[in-house]
Amino acid sequence: MLHQTERAEIVMSSDGPAEKSFGSDYFAALNPEQRAAVVHEGSPLLILAGAGSGKTRVITTKIAYLISQKNVDPRSILAVTFTKKAAEEMAERAVNLVPEAAFAQIRTFHSFGAWFLRKYSDEAGVDSNFTVYDDDDMVTLVSKAVPSLAKNQAKHAAHVISLAKDYCLTPDSSRLSEIESDPDFPAIYTAYEKRLRQTGNVDFGDLIQLPSLVIASDERIRRQIHYRFRVILVDEYQDSNVAQFKLLQAVAGVEDNSGTYVCVVGDDDQSIYKFRGAEVKNILTFKDFFPGTTIIRLEQNYRSTAPILAVANTVVKNNQGRLGKKLVSVRGKGKQPVMVFLPNQDDESAFCAELITKAHTKGCPYNEWAVLYRMNAQSLGFETEFLHRNIPYTVVGSLKFYEREEIKDVLAFLSLIANPRDEISFRRIVNKPARGIGAKTQDRIIDAAQHENGRDGRLPSLVECAQRHSSSLSKKAREGVAGFVSLVDEFSAFLAERSADTTSADEEVAPAAREILQAAQAEPAAGQKADEEKLSVFIKKIIVKSGLLEYHTAQDEIAGTQRAANMQELVNSAVLYPCTLSGLLDFLERIELDHTLEENGNTKNSDSVTLITLHNTKGLEFPRVIITGLESGVFPRQDKTGGELEEERRLFYVGITRAQNQLYITSCRERRLYGRTEHMLPSPFLSELGDTVKILGRKPSPFRDYSGFNDSPQQSDDPLVQKWCRGTRIYHDDFGYGQIVNTVTKDDNYVITVQFENGGRKCFMPRYQAGTLMIVKD
DNA sequence: CCCGTCGTTATTTTT
DNA sequence: TAACGACGGG
């Protein structure tokens, strides 16, 4: 699925004979701007890198250049990205250029935060064996901290808490009101934080927020960090949030005159994660916070043909407040992109299927194609159609392997062994399979633990606490607790014993690089590991002895699910980890910080069409791309205020710039949405395409209102449908003014639904309403 | 404690 | 439409 990019990148990085020495061949492969970015020094650097302009190559070459030409200690280089995939790719390519790059810290933001927090856990007030709570765990914890909240209230509160952390707002911040008007929110946030700190664990926001707070308040650590990191490189900088910006500032130490070199790479036109707290502002105002910033623009695009870039440029220029940049195609001429209007989504799927099939008969492999859509639900139609026509496809991102119940159960067991204060994991598995320890008993144990008040206000081990208090429980619960305690103890003891003599020599090699090193040298050794030394064997024992395997196998038989097999897959994924406490922590952290399933060999090699949301395409490229569902309300999702519309437009821009050779855009006049068939208006973005696209299909009537397509002859099968279309303002003799909000054809009768300004909603058949209903012209 | 039924609710989501 | 959560009965 994602291998296209990889394959292309690998080819790029291994061309030229300069594998060993960092010769002039490397520079020959770069254009003048790229070269300038690589050798730049002496001031902060902002690289504005357009889509497909070779930014990863610039960063990796820069790392290699610093190490081999400037004698920079690789351990003093910190390179951060947003995804694990990007980190791995960067590490791989840098190591290919210069092997010592394996000692550079090439990590995701969150993985860097985790590294920091384990190193300085005492100062940060967390357990050094912490695990990371995901969004679901946050909701559970909010519910426990503030029991009066209903489930959806807790959900909302948890969401706002993570947003608060994205903006680096603590519970006592007066600015919380800017993101949540509920006056109770600060109290909820406070209660949540207290409860979270009691467990010793962290949430995602903490991985960023806590390090920056620690660096700001602890001078000793601040000095250590500034001494350690002399070069900081940030990729995808346009998607950094306030907390990440603060962390960057803290680590860079501009105000302390640390002399650390900072280089960020980003593209303001590709900022698509505002809803997750990303701030384009970070890129627009970078030079204000890093005085003397040099700006280098990379505008030569190596990915797409000129006609595709023409579409991209013409769309994105409609956004205000950009730094301004125009992509120029290195590749030049190509096929003109095509805009296709279709009657409905079934025709849309069929159209895509036919395009792909036709190309396939001419020798085009399926994996050259990607079908892009705004929301995951849209994939279903394509899946049905492709299945029907025997077109192989891979849906990217909808697999929620680690969100499956059985997987979360196993992970909870492992997390509890790592950190026995973990309230959420304790609750999750203490009564699974049923041991007679219901919610009430669980509450009693947690209450008791809170009263015991462990070190630093943290809870004591919940397993030990349960045992201490078992005498006060019912007989059934007592037996259950005894069984559970001995189960956990057995595995904890086993792990502790095996961990006693291990050292953490690997600590200085970032995980992304570690995997490369392992793959390069230690493959056979890993395979020959004794069973007892493999974490996978340990986990397998756990799922058997805990009864989880039996429990879920029983579920499989009832519901025909694959739970046992899924658990086995989780076991398999631990095969390369050592059976030690630090091996367990590594394993858990890898999963917590990257929910995407490890690509196994056959998906990588299979020839299939990629079905993917627009968001998920960031950083990818495909020879042929179809962007679907260009309808108002679907994409852009709602006609919202300017800022949000601009973000949708950037998303469109990202989609367009994924295409290398061919681009298709589709729009339907009708779509089934939430069980209803709705008439759709074309996306407002389509009116911005001008003559950069070739148009196929009959343009829908409302399209006459958009500039750029006025030349098309109007056709319609029914004048009523043309006249009484969705969005039209009307006046009714009895009910007053209103707007057509929906239209349906039922038994040959065209029926419209009108929302009146007086609040009422009525259906009419226009053919019988000539007297009382009229269209208002404005 | 488990199972059925009814009602509600639908984005995007690197970590 | 469909999928999931809340609730009540066995």
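**Exercise 1.** How many of the 11 residues of helix H6 (residues 109-119) are buried?

*Solution.* The structure is a predicted model. A residue counts as buried under 20% relative accessible area. By this criterion, 8 of the 11 residues of H6 are buried, and the helix is mostly covered. Aromatic members of the buried set include Phe109, Phe112, Trp115 and Phe116. Ser111, Gly113, Ala114 and Leu117 are also buried.

**Exercise 2.** Describe helix H13 (residues 242-252), from its start to the residue that follows it.

*Solution.* Begin at the start of the helix, where a side-chain oxygen of Asn241 comes to within 3.1 Å of the backbone nitrogen of Ala243. Next, consider the body of H13: 9 of its 11 residues are buried, so that the helix is mostly covered. Among them are Val242, Ala243, Gln244 and Phe245, as well as Leu247, Leu248 and Val251. Finally, Gly253 follows H13 and has a positive phi, near 65 degrees.

**Exercise 3.** Determine whether Glu423 is buried or exposed, and list its contacts.

*Solution.* First, locate the residue: Glu423 belongs to helix H20 (residues 423-429). Second, Glu423 is classed as buried because its relative accessibility is 0%. Third, leaving aside residues up to four places away in sequence, Glu423 touches Tyr133, Leu141, Lys144, Arg195, Thr199, Ile446 and Leu462.

**Exercise 4.** Identify the residues around DNA strand C.

*Solution.* The residues are Lys151, Tyr674 and Gly675. Of the atoms of DNA strand C that come within 4 Å of the protein, 22% belong to sugar and phosphate.

Key. Residues numbered from 1 in each chain as written. Chains lettered and ligands numbered in written order. Predicted model: local features only at pLDDT ≥ 70, side-chain atom pairs only at ≥ 80, totals over all residues. Heavy atoms only, no water. Near = heavy atom within 4 Å. Helix = DSSP H or I, 4+ residues; strand = E, 2+ residues; numbered from the N terminus. Buried < 20%, exposed > 50% of the residue type's maximum accessible area, 1.4 Å probe, protein only. Contact = heavy atoms within 4.5 Å. Polar contact = N/O pair within 3.5 Å; in protein donor to acceptor, adjacent residues only side chain to side chain.
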